[in-house]
Amino acid sequence: MRPGTTPTAATPIRRAVPRDAGRLTRVVRTSRAYADRYASAVAGYRVGPDYLAAHRVFVATEGDGGPVLGFYALVLGPPGPAELDLMFVADAAQGRGIGRLLAAHLAAEARAAGTTGVRIVAHPPAEGFYLTVGAHRVGTVLASPSVPWDRPELLLPVDGPGPE
């Protein structure tokens with residue numbers, strides 16, 4: 001995808017495979033969204049083949065085998081809401097609609113799995129994005145030793161039409 005272009009239905013989103021692990025790790029570790037006070041959250045973070053095997057991880061790429069534009073991980077559990085574990089858009093792809101494309105795909109996957117919605121514990125600067133794709137705030141996850149700042153908790157309903 002060239003700078004200034006927008007994604008289309010032709011932007012491939014596929015299930016992540018073990019060979020994607022290093023590229024997804026780089027997207028996480030180099031994310032400007034986690035600079036400064038948030039840097040500790042991604043320092044040393046690794047998306048490994050074991051993680052890809054355990055979760056439903058989907059990746060958007062620029063064509064078949066092209067650069068990673070973004071990815072998300074959906075965690076399915078017992079009946080009720082699923083959970084979004086990770087969603088990242090590569091810095092070079094920011095502002096091109098990749099996040100919206102991934103959110104629509106996420107909603108469709110969750111709906112197909114029979115969940116009622118997707119719980120999102122958001123990175124604070126990302127809350128506005130999730131609100132624009134149809135999530136609503138349901139609470140706050142308080143700071144802990146592993147994440148030393150409060151995070152918004154949201155719910156993305158998926159029982160009706162997904163985000164557009």
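A nonpolar core is a set of buried Ala, Val, Leu, Ile, Met, Phe, Trp, Tyr and Cys residues joined through side-chain atoms within 4.5 Å. Welcome to this predicted model, where the largest such core holds 25 residues. Alongside that core you will find an open sheet of seven strands and five aromatic pairs. Here is a tour, topic by topic.

**The sheet**

- Reading across the open sheet, the seven strands come in the order 1-2-3-4-5-7-6, and their pairing is mixed.
- Strand 1 (13-15) and strand 6 sit at the edges with a single partner strand each, so one side of each has no neighbour in the sheet.
- On average, neighbouring strands of this sheet are turned by 30° against each other, direction ignored.
- Strand 5 (residues 117-121) pairs with strand 7 in the antiparallel sense, over five bridges.
- Val118 has Leu156, in strand 7, as its bridge partner.

**Helices across the sheet**

- Helix 1 lies across strand 1, strand 2 (56-61), strand 3 (68-75) and strand 4, and runs at about 95° to strand 3.
- Helix 3 (residues 98-112) lies across strand 1, strand 2, strand 3, strand 4, strand 5 and strand 7.
- The direction of helix 3 is at about 30° to strand 3.

**The buried side of helix 1**

- Ala21, Leu24, Thr25, Val27 and Val28 are the buried residues of helix 1.
- These residues are on the same side of helix 1, because they cover an arc of only 160° around the axis.
- Their packing partners are helix 2, strand 2, strand 3 and strand 4.

**The nonpolar cores**

- Within the largest nonpolar core, Val118 and Ile120 touch the most other members.
- At least two residues of this core come from each of strand 2, strand 3, strand 4, helix 3, strand 5 and strand 7.
- The biggest contribution to this core is that of helix 3, which gives six residues.
- Setting aside neighbours within four places in sequence, Ile120 is in contact with Leu84, Tyr130, Ala135, Pro152, Glu153, Leu154 and Leu156.
- There is also a second, separate core of 21 residues, with Val27, Tyr51, Phe88 and Ala90 among them.

**Aromatic pairs**

- The model has five aromatic pairs, and one of them joins Tyr34 and Phe88 in a tilted arrangement, 5.6 Å centre to centre with 35° between the planes.
- Tyr34 lies in the loop between helix 1 (21-29) and helix 2 (49-54), and Phe88 in strand 4 (residues 82-89), so this pair ties together parts that are 54 residues apart in sequence.
- Both Tyr34 and Phe88 are buried.
- Tyr38 and Trp149 have ring centres 4.8 Å apart and planes at 85°; with over 60 degrees as the cut-off, the pair is therefore edge-to-face.
- The pair of Tyr38 and Trp149 links distant parts of the chain, 111 residues apart: Tyr38 is in the loop between helix 1 and helix 2, and Trp149 in the loop between strand 6 (136-141) and strand 7 (151-157).
- Tyr38 counts as buried because its relative accessibility is 12%, under the 20% limit.
- Trp149, at 7% relative accessibility, counts as buried too.
- Tyr34, Phe71 and Phe88 form one aromatic cluster.

Terms used:
Residues are numbered from 1 along each chain as its sequence is written. This is a predicted model: local features need pLDDT of at least 70, side-chain atom pairs count only at pLDDT 80 or more; totals for chains, interfaces and linings use all residues. Side-chain values use heavy atoms; hydrogens and water are left out. Rings of Phe, Tyr and Trp (its six-membered ring) pair if their centres lie within 6.5 Å; planes under 30 degrees apart count as stacked, over 60 as edge-to-face and the rest as tilted. Helices (H or I, at least four residues) and strands (E, at least two) are DSSP runs, numbered from the N terminus. Buried means under 20% relative accessible area, exposed over 50%, partly exposed in between (1.4 Å probe, protein chains only). Two strands pair if DSSP finds at least two bridges between them. Axes are lines fitted to C-alpha atoms, for helices over the stretch in contact, and angles run from 0 to 180 degrees between N-to-C directions. Contact means heavy atoms within 4.5 Å. The arc is that of the directions from the helix axis to the C-beta atoms.
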